[in-house]
Structure formats: structure tokens, C-alpha cells
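The exercises below are meant for a reader who is meeting this structure for the first time. Each one sets a task and then works through the solution step by step.

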Amino acid sequence: MREGPDIARIASLVGDPARANMLNALMGGTALTASELALEAGVSLPTASSHLSKLMEGGLLTLASQGRHRYYGLAGPQVAGMIEAITGVAEAVGPKRVRPGPRDGAMRVARVCYDHLAGEQAVAMLDRLVARDILLRDDQEIRLGPSAASHFSAIGIDVDAKPRRPVCRACLDWSVRRSHLAGTLGAAILDKILAEKWARREKDSRAVVFSPPGKQAFERVFLG
């Protein structure tokens, strides 16, 4: 047996179609009950409970109780980044599962990736922040530039705090196949977008839909 991380174990957990659907459903950042995840996976509640136990044992999920309800969520941004990266590989080289309708297009433009913005708008935002030297990029490493603190403070985002998570992190975007911004800064930017009502979450979807004035405001602040 080779030494090192057990990739096969994690791959087997993610590779089951029902478990993959559950993990993808949790990419929206909202914790869900076993019943809700059973619907997402298209399986019975007992079968869903078995899958969820395996995902919990594998360290991919967390469980929180509130009253009589138990809510499952992704274990953290590292798990979310893995799911996003696998989705990108599947999009590039795997067979396609086509679901007709407008949501695919909306998902490509802007969507929630765990707790931050993804899609074409998010990739364009990161490109612009790097071009303006607000963020500095060295391959896949992203860090704050000298003017970052004052720039984000001016729009109500504090980047001086010292959180447990990285402030900036590159997350490979499955639809654009280039990186968007994750980390606590990426999460704060998504919070800003939703708090200002520039965009709204599409019901039962990860899609983020900008209003025309909201799109103009987002582009003025982050793409200008």
C-alpha cells in the first residue's frame, strides 16, 4: 500500500451519483435536511441516510441540529473547491447531462460557489482586480495588494481582520475554466452584492441573477 492521502476513498465517496447530487446541492451554501437531500438525489430517505452517514464518516459533511431538525452542509471551502474542480473536469472531458431551460445560461453568468461568487462575472471581477493591482497574483496564489485595504474599506468590506480561512484563494471555475476569487474576501463580496440587492438568488438554484441597475453598480464597483 502506497503512503500518502487516500485519494481512492474520497473519489469513491464523491463518485456515487446519489452522493454527487447531494454534494452539488450543498454547493449553494445552504444547509439541507436529509429529506431535502433525498429529493435532490432521487433516492428514498433510508437510502439518503446511508449515503449521508458515509459522507460524514469521510469528513466531507458537517451536521448541525436546530430543534428537531438536523441540517447537513459541506465540511468547508476545501471540500467546495474540490467539487467545483471536479465539475470543471467533468464539463471539459466527461459526458454531458443536458437539462433544457434558461438556468444553465444563468449559472454560467453568475452563481454561488459555496459562499462566494462564481461564473463569468466572478472571473471578470478577479481579472480586473488583478489588472488594477488591488490583488496580486502569482500563478494560483492570490494576495492583497498595497491598496487593497483602503479600496475595499471604501465600499464597506473589511480585509484587515485575521480569520482562520485565507482572505484570498483561487477557485477554478468549471464554466469558464479559469479561476474566480474565493476565501473570506470572496465571501464578503458576495454578501455585499446580495445586501445591496444588486442581484438575487434564483429559487432552488445556485444561479445569481443581477437586475439591470444592479449589474451596472457591480460593474462600476468591481469592473470599473
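In what follows, residues are in contact when heavy atoms of theirs lie within 4.5 Å. The model is predicted.

**Exercise 1. Find where Lys 192 lies, decide whether it is buried or exposed, and list what it touches.**

Solution. Begin with the position in the chain: Lys 192 belongs to helix 9. Next, take its relative accessible area, which is 17%; since buried means under 20%, Lys 192 counts as buried. Finally, leaving out residues up to four places away in sequence, the residues that Lys 192 touches are Ile 155, Ile 157 and Trp 198.

**Exercise 2. Describe helix 9 by its length and by its buried residues.**

Solution. Helix 9 has 13 residues, and the distance from its first C-alpha to its last is 18 Å, close to the 18 Å expected at 1.5 Å a residue. The buried residues of helix 9 are Gly 183, Leu 185, Gly 186, Ala 187, Ile 189, Leu 190, Lys 192 and Ile 193. To read such a list, recall that an α-helix has 3.6 residues a turn, so residues three or four places apart point the same way. Just after helix 9 comes Lys 197, where phi is positive at about 60°.

**Exercise 3. Work out how the ring of Trp 198 is placed against that of Phe 222, and which parts of the chain this pair ties together.**

Solution. The count of aromatic pairs in the model comes to three. For Trp 198 and Phe 222, the ring centres are 6.4 Å apart and the planes stand at 70°, so this pair is edge-to-face, the cut-off for that class being over 60 degrees. Trp 198 sits in the loop between helix 9 (183–195) and strand 9 (199–201), while Phe 222 sits in helix 10 (residues 212–223), so the pair ties together parts that are 24 residues apart in sequence. Both partners turn out to be buried, for Trp 198 has a relative accessible area of 10% and Phe 222 has one of 0%.

A further pair involves Phe 222 again: the rings of Phe 218 and Phe 222 have centres 5.5 Å apart and planes at 45°, so they are tilted. These two residues are four apart within helix 10, about one turn of the helix, and Phe 218 is buried at 0% relative accessibility. Taken together, ring pairs join Trp 198, Phe 210, Phe 218 and Phe 222 into a cluster.

**Exercise 4. Identify the residues with the most contacts inside the largest nonpolar core, and the elements that give two or more residues to this core.**

Solution. This core has 31 residues, and those with the most contacts inside it are Leu 135, Phe 152, Leu 185, Ile 189 and Phe 222. Two or more residues each come from helix 7, helix 8 (148–153), helix 9, strand 10 and helix 10. As an example, take Leu 135, whose contacts beyond four places in sequence include Leu 126, Ile 142, Phe 152, Leu 181 and Leu 185. There is also a second, separate core of 28 residues, with Met 22, Met 27, Val 79 and Ala 182 among them.

**Exercise 5. Show how strand 5 and strand 6 are arranged.**

Solution. Strand 5 and strand 6 (residues 141–144) pair in the antiparallel sense over four bridges, and one of the bridge partnerships joins Arg 137 to Ile 142 in strand 6. The two strands form a hairpin with two residues between them, and Asp 139 in the turn has a positive phi of about 60°.

**Exercise 6. Compare the settings of Asp 133 and Asp 204, and then turn to His 180.**

Solution. Asp 133 has a positive phi of about 65° although it is not a glycine, and its place is the loop between helix 7 (120–131) and strand 5 (135–138). With 46% relative accessibility, Asp 133 counts as partly exposed. Asp 204 also has a positive phi, near 55°, and lies in the loop between strand 9 and strand 10 (208–210); at a relative accessible area of 67%, Asp 204 is exposed. His 180, by contrast, lies in strand 8 (residues 179–182) and is buried at 0% relative accessibility, while a polar contact of 2.8 Å joins its side chain to that of Asp 173.

How values were computed:
Residues numbered from 1 in each chain as written. Predicted model: local features only at pLDDT ≥ 70, side-chain atom pairs only at ≥ 80, totals over all residues. Heavy atoms only, no water. Phe/Tyr/Trp six-rings, centres within 6.5 Å; stacked < 30°, edge-to-face > 60°. Buried < 20%, exposed > 50% of the residue type's maximum accessible area, 1.4 Å probe, protein only. Core = buried A, V, L, I, M, F, W, Y, C linked by side-chain atoms within 4.5 Å. Expected span 1.5 Å × (residues − 1). Pairing = 2+ DSSP bridges. Polar contact = N/O pair within 3.5 Å; in protein donor to acceptor, adjacent residues only side chain to side chain.
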